[in-house]
Amino acid sequence: MKEMLCEGCNLCEGAKTPCLLGRGNPDAKIMIIQDSPNELDDKKGKTMVGKSCDNLRKSMDKREIDVSEIYWTSLLKCPLPPSGKANSKQLTACTKVLEAEIQMVNPDIIVPMGNLSLRYCFRTRGINQSQR
């Protein structure tokens with residue numbers, strides 16, 4: 001899958017770990033998709049690390065959800081630029097990789113964790129815009 005990365009996208013230019021793929025169980029029934037890797041993800045070379053992800057894992061443990069049975073990934077494969085926004089070219093390039101991940105894992109449940117991933121999964125305007 002690595003060979004299909006970074007085609008037509010410039011997000012990788014400032015990344016320490018360009019084109020960060022997901023991690024976890026490739027046979028997972030649950031896939032969690034965050035919007036993009038953050039600076040800590042980029043620095044450590046792994047998606048979904050840090051305090052907020054630790055809290056999510058602890059919450060899942062309390063509910064007896066086996067976190068080793070989850071596949072964790074991001075819609076965008078590199079951190080967002082300083083503007084905090086991805087353009088359509090970047091989104092298109094990265095969603096091709098995400099779609100390959102979804103096809104590879106074939107999860108029963110996909111959990112979007114953010115506005116961009118929600119918009120991608122449900123083909124809506126997202127949580128920040130009115131649905132009028």
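In these entries I count Ala, Val, Leu, Ile, Met, Phe, Trp, Tyr, Cys and Pro as nonpolar, Asp, Glu, Lys and Arg as charged, and the others, Gly among them, as polar. I note at the outset that the model is a predicted one.

**Entry 1: the largest pocket**

I looked up the volume of the largest pocket and found about 170 Å³. I then listed the residues that line this pocket: Leu11, Gly14, Ala15, Lys16, Glu39, Asp42, Pro79, Leu80, Pro81 and Pro82. Sorted by class, the lining comprises six nonpolar residues, one polar residue and three charged residues.

**Entry 2: strand β3 and its partners**

I turned next to strand β3, which spans residues 70–74. I checked burial along the strand and recorded five of its five residues as buried, so that I describe β3 as mostly covered, with buried taken as under 20% relative accessible area. I also examined the two faces of β3, and both are covered. Ile70, Trp72 and Ser74 lie on one side, while Tyr71 and Thr73 lie on the other.

For the pairing, I found that strand β1 (residues 23–24) runs antiparallel to β3 and is joined to it by two bridges. Strand β2 (residues 30–34) pairs with β3 in the parallel sense, over five bridges. I looked up which residues stand opposite Tyr71 of β3: Gly24 is one of them, and Met31 is another.

**Entry 3: Ser74**

I singled out Ser74, a residue of strand β3. I asked why Ser74 counts as buried. Its relative accessibility is 1%, and Ser74 therefore counts as buried, because the cut-off is under 20%.

I then looked for a polar partner and found that the side chain of Ser74 makes a polar contact with the side chain of Gln34, at 2.9 Å. Leaving aside residues up to four places away in sequence, I recorded that Ser74 touches Ile33, Gln34, Asp35, Ser36, Pro37, Thr47, Leu98 and Glu101. Gln34 thus appears in my notes both as a polar contact of the Ser74 side chain and among the residues that Ser74 touches.

**Entry 4: helix α4**

Last, I inspected helix α4, residues 115–122. I listed its buried residues as Asn115, Leu116, Ser117, Leu118 and Tyr120. I traced what these buried residues pack against, and found β2, α3 (88–105) and β4 (109–113). Strand β2 thus enters my notes twice, as a parallel partner of β3 and as an element against which the buried residues of α4 pack. I also checked the residue that follows α4: it is Arg123, and its phi is positive, near 50°.

Technical notes
Residues numbered from 1 in each chain as written. Predicted model: local features only at pLDDT ≥ 70, side-chain atom pairs only at ≥ 80, totals over all residues. Heavy atoms only, no water. Buried < 20%, exposed > 50% of the residue type's maximum accessible area, 1.4 Å probe, protein only. Helix = DSSP H or I, 4+ residues; strand = E, 2+ residues; numbered from the N terminus. Pairing = 2+ DSSP bridges. 1 Å grid on protein atoms, 1.4 Å probe; cavity = no way out; pocket = protein on both sides within 12 Å on 5 of 7 lines; lining within 4 Å. Points joined across faces, edges and corners; volume = space filled by probe spheres on them. Polar contact = N/O pair within 3.5 Å; in protein donor to acceptor, adjacent residues only side chain to side chain. Contact = heavy atoms within 4.5 Å.
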